Amino acid sequence: GDRVKALFKAPFNGRMLVTVEGGEVLSHHWLEVKKRTATMDIELDEKHLPNAYITATLFKPHTMATDLPLTAAHGLANIQVKDESKRLPVSI
């Protein structure tokens with residue numbers, strides 16, 4: 001039931017494909033990157049246990065004139081998801 005606010009800092013403006021993945025793609029979203037940043041809220045639940053990954057692929061519009069040779073940019077981040085009710089107490 002927790003929420004994650006993801007902040008994406010990009011090398012250029014464009015359209016970004018964001019996926020949230022575990023053992024499979026759990027969700028995907030398209031974001032518009034303006035002023036080289038974008039944000040997205042992700043609601044976590046049991047399917048995100050024990051961790052999830054956010055991947056982002058940013059595509060540069062063809063109409064944009066720039067000195068950067070990049071036409072796409074990629075990123076990946078890990079989210080550790082914990083459920084304390086499933087944690088086993090260990091004592092020695």
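# Pocket, sheet, core and unusual backbone

Modeller: The largest pocket has a volume of about 200 Å³, and this value, like the others here, comes from a predicted model.

Colleague: What makes up the lining of the largest pocket, and which residues lie nearest its centre?

Modeller: Fifteen residues line the largest pocket, and F8, M16, A56, G75 and L76 are those nearest the centre. The elements that give two or more residues to this lining are β1, β5 and β6, with the largest share, five residues, coming from β6.

Colleague: What makes a residue count as part of the lining?

Modeller: A residue is counted when one of its atoms lies within 4 Å of a point of the pocket, and 15 residues are in the lining of the largest one.

Colleague: F8 and M16 are among the residues nearest the pocket centre, so which residues have the most contacts inside the largest nonpolar core?

Modeller: F8 and M16 are named there too, together with V18, L31, M40, I54 and L58, in a core of 20 residues. Two or more core residues come from each of β1 (3-9), β2 (14-21), β3 (25-33), β4 (37-43), β5 (51-59) and β6 (72-80), and β5 gives the largest share, four residues.

Colleague: How do you know that L58 is buried, and what does L58 touch?

Modeller: A nonpolar core is made of buried residues joined through side-chain atoms within 4.5 Å, and L58 is listed inside the largest one, so L58 has to fall under the 20% relative accessible area that marks a buried residue. Setting aside residues up to four places away in sequence, L58 touches A10, P11, F12, G14, R15, M16, V33, T71, A72 and A73.

Colleague: Why is W30 called partly exposed?

Modeller: The relative accessible area of W30 is 43%, and because partly exposed covers the range between the 20% limit for buried and the 50% limit for exposed, W30 belongs in that class. W30 lies in strand β3 and, beyond residues up to four places away in sequence, touches R15, M16, L17 and F59. Its C-alpha is 9.6 Å from that of L58, although W30 and L58 are 28 residues apart in sequence.

Colleague: Why does F59 count as partly exposed?

Modeller: F59, in strand β5, has 38% relative accessibility, which also falls between the two limits, so F59 counts as partly exposed. Leaving aside neighbours within four places in sequence, F59 is in contact with F12, N13, G14, R15, L17, W30, T71 and A72.

Colleague: What makes β2 and β3 a pair, and how many bridges join them?

Modeller: Pairing requires at least two bridges between two strands, and β2 and β3 have eight, in the antiparallel sense, so the requirement is met. R15 has E32 in β3 as its bridge partner, E21 has V25 in β3, and a hairpin of three residues joins β2 to β3. The strands β2 and β5 also run antiparallel, joined by seven bridges, with L17 standing opposite T57 in β5.

Colleague: Which strands stand at the edges of the sheet, and why?

Modeller: Four strands form an open sheet in the order β3-β2-β5-β6, with antiparallel pairing. The edge strands are β3 and β6, because each has a single partner strand, and one side of each is therefore left without a neighbour in the sheet. From one strand to the next, the twist averages 15°.

Colleague: What makes the backbone at K35 and R36 worth pointing out?

Modeller: Most residues other than glycine have a negative phi, whereas phi of K35 is near 55° and phi of R36 is about 65°, both positive values in residues that are not glycine. K35 is found in the loop between β3 and β4, and so is R36.

Colleague: Are K35 and R36 exposed or partly exposed?

Modeller: K35 has a relative accessible area of 78%, which is over 50%, so K35 is exposed. At 48%, R36 does not pass that limit and therefore counts as partly exposed.

Colleague: Which peptide bond is called cis, and what is its omega?

Modeller: The bond from L49 to P50 is cis, with omega near -10°, and P50 has its place in the loop between β4 and β5. Most peptide bonds are trans.

Note on methods. Residues are numbered from 1 along each chain as its sequence is written. This is a predicted model: local features need pLDDT of at least 70, side-chain atom pairs count only at pLDDT 80 or more; totals for chains, interfaces and linings use all residues. Side-chain values use heavy atoms; hydrogens and water are left out. Buried means under 20% relative accessible area, exposed over 50%, partly exposed in between (1.4 Å probe, protein chains only). Contact means heavy atoms within 4.5 Å. Axes are lines fitted to C-alpha atoms, for helices over the stretch in contact, and angles run from 0 to 180 degrees between N-to-C directions. On a 1 Å grid over the protein atoms alone, a cavity is a set of points where a 1.4 Å probe fits but cannot get out, and a pocket is an open set with protein on both sides within 12 Å along at least five of seven lines; lining residues have an atom within 4 Å of a point. Grid points are joined across faces, edges and corners, and a volume is the space filled by probe spheres set on the points.
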